[in-house]
Amino acid sequence: KDWSEARYSTRAETASLQVERWTKNISRLYARRILELAAASAASMAYKTRLQEKVMQRPPTSWQDWARPKDWSEDLRDEIGATFISRWAAAVARITNLAILATPLVV
C-alpha cells in the first residue's frame with residue numbers, strides 16, 4: 001500500500017469510530033433523559049397522591065358512579081328544579097333578568 005492510501009483508510013476508520021462513539025453517547029444521553037423524565041413523573045404522581053390524601057379524605061359522591069353513562073336531562077332538571085312550577089319560575093326569572101340587562105341597548 002501507498003502511504004496516502006493507508007492514511008486515507010485510517011481517516012475513514014477513525015471517522016466511522018467517531019460516528020459510532022457519538023451514536024452511543026447520544027443514545028446514552030437520550031436514555032438518561034428518558035429515565036429522568038420517568039422519575040420526575042413518578043415523583044410528581046406520588047406527591048399529587050399524597051396531596052389528595054391530605055386534602056380529600058373521601059371522594060365526592062359524583063365520583064363514585066363515574067363509569068355510569070350520564071343522564072343529562074336528570075342533572076339539568078335537578079339544577080333547575082324538581083317540579084314544573086319551580087322550572088317555570090326559574091325560566092321567568094331568567095327572561096326578566098335578560099330583559100333588564102337588554103333595556104340599556106333599546107334606549
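In the predicted model, a salt bridge links the side chains of E36 and R33, with an N to O distance of 3.7 Å. The two residues belong to helix α1, which covers residues 3–55, and because they are 3 residues apart in that helix, E36 and R33 are separated by about one helical turn. An α-helix has 3.6 residues a turn, so residues three or four places apart point the same way. Both partners retain some accessibility: E36 counts as partly exposed at 43% relative accessibility, and R33 likewise counts as partly exposed at 47%. The structure holds 1 salt bridge.

The chain contains 4 helices and 0 strands, and its elements follow the pattern α-α-α-α along the sequence. Of the 107 residues in the chain, 1% are buried. The accessible surface amounts to about 10300 Å², and carbon and sulfur atoms account for 64% of this area.

Confidence varies along the model. The mean pLDDT of the chain is 78, with 64% of the residues at 70 or more. Among the elements, helix α2 (residues 61–64) has the lowest mean pLDDT, 66, whereas α4 has the highest, 90.

Helix α4 comprises residues 84–106. Its length was compared with that expected for a helix: at 1.5 Å a residue, the 23 residues of α4 should span 33 Å, and the end C-alpha atoms lie 32 Å apart, in agreement with this value. The expected span is 1.5 Å times one less than the number of residues, so the 23 residues of α4 give 33 Å. A bend of about 25° occurs in α4 at I100, and the proline P104 follows within four residues.

A nonpolar patch on the surface is formed by F84, I85, W88 and V92, which together have about 490 Å² of accessible area. One of these residues, W88, lies in helix α4. The relative accessible area of W88 is 55%, and this residue is therefore classed as exposed, the cut-off for that class being over 50%. W88 also meets the patch criterion of over 30% relative accessible area.

Note on methods:
Residues are numbered from 1 along each chain as its sequence is written. This is a predicted model: local features need pLDDT of at least 70, side-chain atom pairs count only at pLDDT 80 or more; totals for chains, interfaces and linings use all residues. Side-chain values use heavy atoms; hydrogens and water are left out. Patches are made of residues with over 30% relative accessible area and no salt bridge: like charges are joined within 9 Å, nonpolar side chains (Val, Leu, Ile, Met, Phe, Trp, Tyr) within 5 Å. Accessible areas come from the Shrake-Rupley method with a 1.4 Å probe; for residues, only the protein chains shown count as cover. A salt bridge is a side-chain nitrogen of Lys or Arg within 4 Å of a carboxyl oxygen of Asp or Glu. Buried means under 20% relative accessible area, exposed over 50%, partly exposed in between (1.4 Å probe, protein chains only). The bend at a residue is the angle between axes fitted to the seven residues ending there and the seven starting there. pLDDT is the predictor's confidence in each residue, from 0 to 100.
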